[in-house]
Amino acid sequence: MITPVALGDGVGAGFTGRAGGVSTPPYDSLNLGGAVGDDPAAVRGNRRRAAEALGVDPGRTVYMRQVHGADVAFVTSPETPGPVDAVVTTVPGLALAVLVADCAPVLLADPVAGVVGAAHSGRPGTAAGVVPALVKAMCERGADPARMAAAIGPAACGRCYEVPAAMRDEVAAVVPEAHCVTAKGTPGLDIRAGIAAQLASAGVAEVAADPRCTIEDAGLYSYRRDGRTGRFAGFVWLEDGA
C-alpha cells in the first residue's frame, strides 16, 4: 500500500499505490481523490486507511484543492487550502498530501529547519514553476536548499507521455530538460527530468526519483491510461517530537 521515502531524521514520507482500499471499479481500490466521482464514504475510508498505514492522524492531514498552477500555501491546520498546488508547514504531526494520476508528486524536507513541503507538478505546473516556488516558500520559513532532500514520485514517463510538438516546445522553452521523444518516436515530455533540473537549479542536491511510470504500472492510477479513475498520493510530515 505504501512506498516509504527517506527525507531525513524526524521526517516521514511515502507514496501510496492503488491496492488496499474499499473503492469499487473504476476507482478500485485505494482512491484518495475526492473530486473524481467516487463514493465520498469510500474516499473517507481510503484516506483513513492510508493515514493509518503511514502512521499519521487522518484528522491532521492536509489535502489541497489542486488547479495545475504554481501558488503555494503555508498551512498550520488540516483545513483544505486552495486553489493551490503546493503546501508548506512547520507543524509537527501535520501531514501534507498531494494527489496525482500521471502528474508528479514532489516531496521536500529540511529536517534541520523543521520545514516540509509538497507539490503537484504536471505539465502546466512544471512549466509554471510550482516546484521552484515551493523551494522559495520553504526558504522563507528558514529552510536551506543545501540541506533539503527531495523525492519525485511516480509519474507518466517520457517514453509514454506523448504530446503535440507545439506543446512540447512550449514547455521546453522554459524547462529544456523536459523535452524528449517517446518510445514511438513522437514528441514527448519527461516531467520528472524537468523537475529534477528545476530542483538542481534551486540548489537542492539530494533528489531521488521513483522510476515507476503511472501509464505502464497497473498498480498506480493513470488518467491518461484509463480516463475515469482514482488518485494516489504522496505524503510528507514532520514527526511529533522531531
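Me: Which residue follows α5, and what is the sign of its phi?
Reply: Gly 203 follows α5, and its phi is positive, near 100°. This is a predicted model, in which local features need pLDDT of at least 70, side-chain atom pairs count only at pLDDT 80 or more, and totals for chains, interfaces and linings use all residues. Residues are numbered from 1 along each chain as its sequence is written, and side-chain values use heavy atoms, without hydrogens and water.

Me: Why is α5 called a helix?
Reply: A helix is a DSSP run of H or I of at least four residues, and a strand a run of E of at least two, numbered from the N terminus; α5 covers residues 191-201, so it qualifies.

Me: Which residues of α5 are buried?
Reply: Ile 191, Arg 192, Gly 194, Ile 195, Ala 197, Gln 198 and Leu 199. Buried means under 20% relative accessible area (1.4 Å probe, protein chains only), with over 50% exposed and partly exposed in between.

Me: What makes a set of residues a nonpolar core?
Reply: Its members are buried Ala, Val, Leu, Ile, Met, Phe, Trp, Tyr and Cys residues joined through side-chain atoms within 4.5 Å. The largest has 32 residues, of which Leu 108, Met 138, Ile 195 and Leu 199 touch the most other members. Helix α3 (130-139) gives the most to this core, 6 residues.

Me: Why is the other core counted apart from the largest?
Reply: A core is a joined set, and this one, of 29 residues including Val 11, Met 64, Cys 103 and Tyr 221, lies apart, so it is counted as another core.
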